[in-house]
Amino acid sequence: MSLATDRGKLQSADKPTLYKQIRIDIERRILTGEWPPGHRIPFEHELMLRYGCSRMTVSKALSELAQADLIERRRKAGSFVRRPTFLSAVLKIADIRAEIGALGRSYGYELIQRSRRTANAADRSRLGARKTGKVIAIACRHSADGVPFAIEDRLIDLDAVPEAATADFATEPPGSWLLHHVPWTEAEHSISAIVADEQAAAALDIAIGAPCLVIDRHTWRSARPLTAVRLLYPGESHKLIARFKGG
């Protein structure tokens with residue numbers, strides 16, 4: 001749908017104020033991935049013409065989007081969909097599929113389990129959300145040249161990411177899909193080591209008791225939880241490297 005058609009649709013909708021309608025419409029385009037990170041938002045005069053409103057109305061809508069960390073406003077250059085900023089200099093959110101490809105190895109993906117359910121207390125605790133409705137729980141395995149590379153246990157809050165309900169996770173890895181479709185503003189990694197139990201050993205094709213590297217990650221958008229994931233790697237074949245400069 002083009003912005004040129006939005007004026008009539010927004011005016012006919014029963015909404016409190018026009019600036020909120022503009023904000024909601026632009027937000028939807030960002031959250032669905034129609035406008036990806038780095039995409040330039042139409043200039044204020046373009047939005048004024050297309051929505052039939054004043055500069056003040058457009059500016060107020062854009063200001064709220066900027067406050068929500070969905071866009072960034074650059075003087076003279078315009079407004080752009082905000083690119084994610086990393087919480088830590090040590091790690092970034094990597095796309096496992098791209099990571100394996102960068103190693104020159106053949107990527108493989110297997111969906112082990114996908115379920116949609118009403119969030120229980122454990123789900124809310126894991127997401128760090130006081131209140132949420134539905135969630136999607138996903139278990140999958142990534143492989144490199146046919147050898148298990150990592151297993152993934154992920155929870156997605158459908159209240160925050162409703163479009164995940166129709167995503168085809170049978171063919172698209174959830175991490176890759178989220179990186180390409182859902183903007184985020186904060187991330188947290190927790191790194192630990194465990195020994196493989198029977199289930200993990202079978203999934204990774206390693207011995208029971210073998211060391212494993214664990215990365216637990218949470219991501220948020222404007223303090224709202226999006227997803228929580230645990231990635232489990234065979235410890236003997238993985239290591240984390242960070243290079244950074246002092247201030």
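Visitor: How many aromatic pairs does the structure hold?

Guide: The structure, which is a predicted model, holds 2 aromatic pairs.

Visitor: What makes Phe149 and Tyr233 an aromatic pair, and why is the pair called edge-to-face?

Guide: The ring centres of Phe149 and Tyr233 are 5.9 Å apart, and a pair requires centres within 6.5 Å. The planes stand at 80°, and an angle over 60 degrees counts as edge-to-face. The pair therefore meets both criteria. It also links distant parts of the chain: Phe149 belongs to strand E6 (residues 147-157) and Tyr233 to strand E9 (residues 224-234), with the two 84 residues apart.

Visitor: Why does Phe149 count as buried?

Guide: The relative accessibility of Phe149 is 5%, and buried means under 20%, so the term applies to Phe149. Tyr233, with a relative accessible area of 6%, is buried by that criterion.

Visitor: What makes the pair of Phe169 and Trp177 edge-to-face?

Guide: The planes of Phe169 and Trp177 are at 85°, where edge-to-face requires over 60 degrees. Their centres lie 5.6 Å apart, which satisfies the limit of 6.5 Å. Both Phe169 and Trp177 are buried.

Visitor: Which ring does the charged end of Arg74 sit over?

Guide: The charged end of Arg74 sits over the ring of Phe80, at 4.1 Å from the centre; the distance limit for such a contact is 6 Å. Arg40 likewise lies over the face of Phe43, 4.0 Å from the ring centre.

Visitor: Why is strand E5 described as largely enclosed by the rest of the structure?

Guide: Strand E5 (residues 134-144) has 11 residues, of which 9 are buried, so the description follows.

Visitor: How do you know that E5 pairs with E6?

Guide: Pairing requires at least two bridges, and E5 and E6 share 10 in the antiparallel sense. Within this pairing, Val135 has Asp157 of E6 as its bridge partner. The hairpin of E5 and E6 has 2 residues between the strands, and Asp145 there adopts a positive phi near 55°. Strand E4 (residues 107-118) is also antiparallel to E5, joined by 11 bridges; Glu110 has Arg141 of E5 as its bridge partner.

Visitor: How many disulfides does a search of the whole structure find?

Guide: The search finds 0 disulfides. To count, a pair of cysteine sulfur atoms must lie within 2.5 Å.

Visitor: Why is Cys140 called buried?

Guide: Cys140 has a relative accessible area of 0%, and the cut-off is under 20%; Cys140 is therefore buried. Cys212, at 3%, is buried as well.

How values were computed:
Residues numbered from 1 in each chain as written. Predicted model: local features only at pLDDT ≥ 70, side-chain atom pairs only at ≥ 80, totals over all residues. Heavy atoms only, no water. Phe/Tyr/Trp six-rings, centres within 6.5 Å; stacked < 30°, edge-to-face > 60°. Helix = DSSP H or I, 4+ residues; strand = E, 2+ residues; numbered from the N terminus. Buried < 20%, exposed > 50% of the residue type's maximum accessible area, 1.4 Å probe, protein only. Lys NZ or Arg CZ within 6 Å of the ring centre and 35° of its normal.
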